[in-house]
Amino acid sequence: MSAALRDPPGNPSRRRFLCASVAIGGGLLIGFPLVETSLAADAPVPPPDAFIRIGTDGRVTFIVPYVEMGQGALTSQAQILADELDVSMDDVTVEQAPPSDARYGSPIFMEQITGGSASLRGSWITLRAVGAAARTMLIAAAAERWQVRPSACQTRDGRVIHAGTKRRLGYGELATEAAGMPLPKSPRPKKLSDYRLIGQPQKRVDTPAKIDGSAIFGIDARPEGVRYAMVMASPVLGGRVVSVDPAEAMTIRGVWKVVHSDDAVAVVGDNTWAARKGLAAVRIEWDEGANAHLSTADMVAAADRALAEEGLPALRKGDVEAAERQAAGMYDEVFRLPMLAHAAMEPLSCTVHCQADRCEVWVGSQVVARAQKAAAAAAGLPLESVTVHNLFLGGGFGRRLEADYVGQAVRLAKQIDGPVKITWSREEDMRQDYYRFHNHSRVTVAVDGKGRPTSWRHRLAAPNIMARFLPIYQKDGVDLDAVDVAGGPYDIPNVRVDFIRHEAPRGLNTGNWRGVGPTRNVVITESVIDELAHRAGADPVDYRRAMMKGAPRDRAVLELVAEKSGWKDPLPKGRGRGVALCPAFGSHVAMVAEVSVEPSGMYRVERIVCAVDTGIVVNPDVVRAQIEGGAMFGITAVGYGRITVANGRVEQGNFDTYPVLRMVEAPEVEVHIVPSKADPGGVGEPGTSVAIAAVANAIFAATGKRFRTLPISPDDLREA
């Protein structure tokens, strides 16, 4: 079990690198380096424009290092800063940060990455420190003008107030003078009890633009003179271009040019429709490569074989072998999780204007600095010659953590005079994804005479995504994300987790999916615990509670969700409740799913009840929305999620063959938030992980059928 993704290495001592100056035209600039690599003694201090500017008009401009993809990152962070500065949300303007790992890198990932439910966790300490520093300097400026002690002053609504005389000065009047005040050595954020915005629902700062249509997503980019292109890579995963015959495509009205790289072909037109028709007409000869006969059955068999291999030790506690020898009973089962696509609502696109000495890119990316590097490498230009405009993302879920499509777009755009917007069709998006690959696990549990676990042995075979994506999450060859929360929060005295690196065939790309490691391990752990409870003749909640003396926050959310869901209330025949826990991303989440199953095998998730301890809650509306959205994602995975391959080709291409939960299928969701004084945790991912497990357990409760392979279809239940 890895705590790495849950515990940010943020260090308040970095506040010594706080820097401030006068803004051009007047006002206060104040910045703060985030990444650990900037903390070396001889490291240069970044320019002081990394975070906030307070203008002479009193407006606060906040340069947000994280991207907005619907998760509320802009709002929550603006809320922290506004509260710490004592201004209203209306006084804060948010701007998207340009690419720079040095200035805007996450203290958790050490890079400018938005993902892993880490944005708020990475900014909580920093934003409060910067806000407190700015507030202190504004007070000092006012006190000096009034010739009073700073301790006699306070702030409220964007003004400094002298308590004795009630004199007031607005931040705009003080900002330039404040830039000359000494930087506080140890900025002191407010007491939690003094916050007025944090903990309260606030309107999202991105909502107005998304309602009036002025919000610009990656696919909306239209620089002057832009042409439009549709792109296609080899239908066989990993295949290459052999030859391209553009003749027929060029006869189509509006088609302007056909270009290609080693691995993709693009048709450029006056509009997307012409480009799409042209792409369908162009004749391409592909070298299908080594995957020409690849099938899902091959990959499932290979993952099963991998489970028999020697694994690398990820966790060792106690003596598993001795416990197994002394066991009163044994549990031993294999779980198989399928390949999954991201299927973000906004398909991938990237607009590029590539010239001899510079390149301009418009894109929606979770890794804007990596996007800049990919563009520079593809263009053959130095980094400083590449400008990236990072726009709103219409969903990410991990797909936009990759920059492959940026590099591909630039390689093709180099052959085109003028800007070009390259769009992947929904089918291309789904068939050329960075998939969550097959994950197979074998769990062996020794139990005592009461059916309680005395040992837990978990062997899992999965790709080492982090070896490629983020090597800091490697330890002795183990992908720390892949083994995260394997074993849950339970008091099991002897535990052994082994990681078996099992990569996809070359040409089939694998990556992170919403929920990352926990989305694979929570469903397995919670299914096993649920089954052990059933074998012991115990109530699943009571069984879990008895093993949670060392996990008080998990136990608290379990008890709350049992109460709120009416856990022991009787249900009619054909209905069942399932419970699951997810202690990850700095949060502790318990969920109960209620499912109805018809004799035909059709089933429906009727109700979701969730209890969340995510530490200090900045915006409860954002927490609820994230848990709700994550739950829908998880329910989709249980019922529909499976990408299959035949003859090297992904068989799904759109939502008719890779469905997602529709609005009419969405259950009622209740989210109950546990008050807490712990630092904020992440909430974008846990809802997905725990929902998969809770729904699977509910189906078992309704039918008596335990599924160890996902997804669960009506056909499976009819056979049950």
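**Strands, a cis proline and two positive phi values**

Student: Happy to start with the sheet in this predicted model. What is the order of the five strands in the open sheet?

Tutor: Good place to begin! The sheet is open and its pairing is mixed. Read across, the five strands come in the order β14-β24-β21-β20-β15.

Student: Which are the edge strands, and what is the average twist from one strand to the next?

Tutor: An edge strand here pairs on one side only. That applies to β14 (312-317) and β15 (329-337). From one strand to the next, the twist averages 10°.

Student: Let's stay with β14. In which sense does β14 pair with β24, and over how many bridges?

Tutor: The partner, β24, covers residues 494-501. For a landmark, look at Lys317, which stands opposite Val495 in β24. The two strands pair in the antiparallel sense, over five bridges.

Student: Which helix lies across β15, β20 and β21?

Tutor: Find β20 at 439-447 and β21 at 453-462, along with β15. The helix across these strands spans residues 516-536 and runs at about 145° to β15. That is helix α14.

Student: Now to Pro711. What kind of peptide bond joins Leu710 and Pro711?

Tutor: As background, most peptide bonds are trans. Between Leu710 and Pro711, omega is about 0°. The bond is cis.

Student: Is Pro711 buried or exposed?

Tutor: Pro711 sits in the loop between α18 (686-703) and α19 (714-719). Beyond its neighbours within four places in sequence, its contacts include Tyr640, Arg642 and Asp716. Its relative accessible area is 8%, and buried means under 20%, so Pro711 is buried.

Student: How far apart in space are Pro711 and Pro338?

Tutor: Pro338 is among the residues in contact with Pro711. In sequence, the two prolines are 373 residues apart. In space, C-alpha to C-alpha, they are 7.6 Å apart.

Student: What is phi of Ser117 near, and is Ser117 buried or exposed?

Tutor: Most residues other than glycine have a negative phi. Ser117, in the loop between α2 (101-104) and α3 (119-146), has a positive phi, near 50°. Its relative accessible area is 12%, so Ser117 is buried.

Student: And Asn647: where does it lie, and how does its accessibility count?

Tutor: Asn647 is in the loop between β28 (645-646) and β29 (649-650). Phi of Asn647 is positive as well, near 50°. Partly exposed falls between 20% and 50%; at 46% relative accessibility, Asn647 counts as partly exposed.

Note on methods
Residues are numbered from 1 along each chain as its sequence is written. This is a predicted model: local features need pLDDT of at least 70, side-chain atom pairs count only at pLDDT 80 or more; totals for chains, interfaces and linings use all residues. Side-chain values use heavy atoms; hydrogens and water are left out. Helices (H or I, at least four residues) and strands (E, at least two) are DSSP runs, numbered from the N terminus. Buried means under 20% relative accessible area, exposed over 50%, partly exposed in between (1.4 Å probe, protein chains only). Contact means heavy atoms within 4.5 Å. Two strands pair if DSSP finds at least two bridges between them. Axes are lines fitted to C-alpha atoms, for helices over the stretch in contact, and angles run from 0 to 180 degrees between N-to-C directions.
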